[in-house]
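Please open the model in your viewer and keep the selection panel at hand. The tour below goes from one selection to the next and says what to look for at each stop.

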Amino acid sequence: MTDEMRMRYLSRPAPGAKVILDTDTYNEIDDQFALSYLVKLDKFDILGFTAAPFHNDRSSSPEDGMVKSYDEIKKLLAFLGAEYPVFEGSRTYLPDEKTPVDSPAARFIRDAALSMPEGEPLYVAAIGAITNVASAILLDPRVAEKMTLVWLGGNDLDWPDNREFNLFQDVPAARVVLGSGMPVVLLPCMGVVSSFISTRYELEHFLLGKNPLADYLCRNTVEYTEKRSNLLCWGKQIWDVTAVGWLADPGFMHTKLVPAPIPEPDGHWAFDRSRPLIRVATYIDRDRLFADLVEKITGESLRKA
Ligand SMILES: [Ca+2]
């Protein structure tokens with residue numbers, strides 16, 4: 001890929017650009033916001049949604065997490081009154097850095113990327129372990145030159161460790177993706193996206209009673225976080241919204257171009273200045289992105305008159 005084409009792929013997507021969202025939707029409360037935001041933006045040609053594996057206290061295995069995410073995508077699309085193709089993803093993480101996990105999701109991403117016209121990227125926003133995208137690359141390495149990946153994964157390059165949930169579930173997949181030469185917009189969790197926070201009182205004020213989707217997003221977040229915090233003043237990261245936020249308007253954040261960092265199995269980033277450039281977020285404009293999120297979900301502006 002030429003430098004000029006790489007910069008174009010790492011720039012603002014045109015309205016009507018083709019987008020796929022790869023999501024471990026049930027793992028927490030934030031994918032639900034991100035999916036809803038993408039649909040309600042009504043700005044892109046959404047080709048479909050792919051379910052990603054996850055394993056935490058809301059699933060019994062990566063496979064169970066993927067299946068629960070598939071069901072959660074369907075539930076959200078029903079709330080949204082929207083119909084899109086939805087694909088089951090990987091039931092395991094990558095066994096190594098050479099072997100794809102074949103799945104309907106990996107094939108869908110591969111086929112969508114390879115069918116793009118020359119010079120026009122497919123945008124894949126990925127907000128979970130990156131197994132499905134890595135598998136698409138391993139199924140056909142040409143995928144790396146046909147898409148832009150917007151991935152919420154890993155921590156800030158200066159954070160003391162890189163044991164972030166999405167990245168660390170499948171380090172081989174992260175190494176495949178970041179080593180493939182693919183243009184990537186990376187949203188680091190701790191230190192960057194961790195500032196994208198809301199609170200019980202803000203969510204209830206702006207979302208409750210507005211529509212069934214807004215009620216669900218609010219109640220789901222409050223219930224989830226009340227169980228996990230012993231403080232009345234909790235703030236909750238709505239992490240995954242930031243990946244869709246970059247697609248919506250790259251001006252919602254600051255970014256820098258750096259050689260693709262290397263995720264090491266020991267839980268740290270390694271660096272090699274000869275690697276192709278990727279775009280890494282360094283700051284999120286919380287207020288502007290949150291205002292746009294609420295406006296799209298409720299139809300009500302948060303701008304002062
Ligand atoms: Ca997620």
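Which residue in β6 is the bridge partner of V150? Select V150 and then V185, since V185 is that partner in β6. Keep in mind throughout that this is a predicted model.

Now widen the selection to the two strands themselves, β5 (residues 147-152) and β6 (residues 184-187), which run parallel and are joined by four bridges. Colouring the rest of the sheet shows where this pair belongs: the sheet is open, has eight strands with mixed pairing, and follows the order β3-β2-β1-β4-β5-β6-β12-β9. At its edges are β3 (86-87) and β9 (253-259), each of which pairs on one side only.

Next, add helix α10 (residues 241-248), which lies across β1, β4, β5, β6, β9 and β12 (277-284). With β5 still displayed, you can follow the direction of α10, which runs at about 140° to that strand.

From here, move to the calcium ion and show its donors, which are OD atoms of D24, D31 and D240 together with the backbone-type atom label O of I127, at 2.2 to 2.6 Å; D31 is listed twice with OD. Along the chain these donors follow the spacing D-x6-D-x95-I-x112-D. Two of them, D24 and I127, link distant parts of the chain, being 103 residues apart: D24 sits in the loop between β1 (18-23) and α2 (30-41), and I127 in the loop between β4 (122-126) and α5 (131-139). Both D24 and I127 are buried.

The following stop is Q169, in helix α6 (residues 165-169). Is Q169 buried or exposed? Q169 counts as buried because its relative accessibility is 15%, under the 20% cut-off for that class. Display the side chains of Q169 and Y93, and you will find a polar contact of 2.5 Å joining them. Beyond its neighbours within four places in sequence, Q169 is also in contact with P53, F54, H55, A129 and E164.

Finally, select the cysteines. How many disulfides does a search of the whole structure find? The search finds zero. C233 is accordingly in no disulfide, and the nearest cysteine sulfur, that of C218, is 17 Å away. For a last look at the surroundings, compare C189, which is buried with a relative accessible area of 4%, with C233, which is exposed at 63%.

Technical notes. Residues are numbered from 1 along each chain as its sequence is written. This is a predicted model: local features need pLDDT of at least 70, side-chain atom pairs count only at pLDDT 80 or more; totals for chains, interfaces and linings use all residues. Side-chain values use heavy atoms; hydrogens and water are left out. Donors are N, O and S atoms within 2.8 Å of the metal (3.2 Å for Na, K and Ca); water is not among the atoms, so sites may look incomplete. Buried means under 20% relative accessible area, exposed over 50%, partly exposed in between (1.4 Å probe, protein chains only). Two strands pair if DSSP finds at least two bridges between them. Contact means heavy atoms within 4.5 Å. Axes are lines fitted to C-alpha atoms, for helices over the stretch in contact, and angles run from 0 to 180 degrees between N-to-C directions. A polar contact is a pair of N or O atoms within 3.5 Å; within protein, one must be able to donate a hydrogen and the other to accept it, and residues adjacent in sequence count only if both atoms are side-chain atoms. A disulfide is a pair of cysteine sulfur atoms within 2.5 Å.
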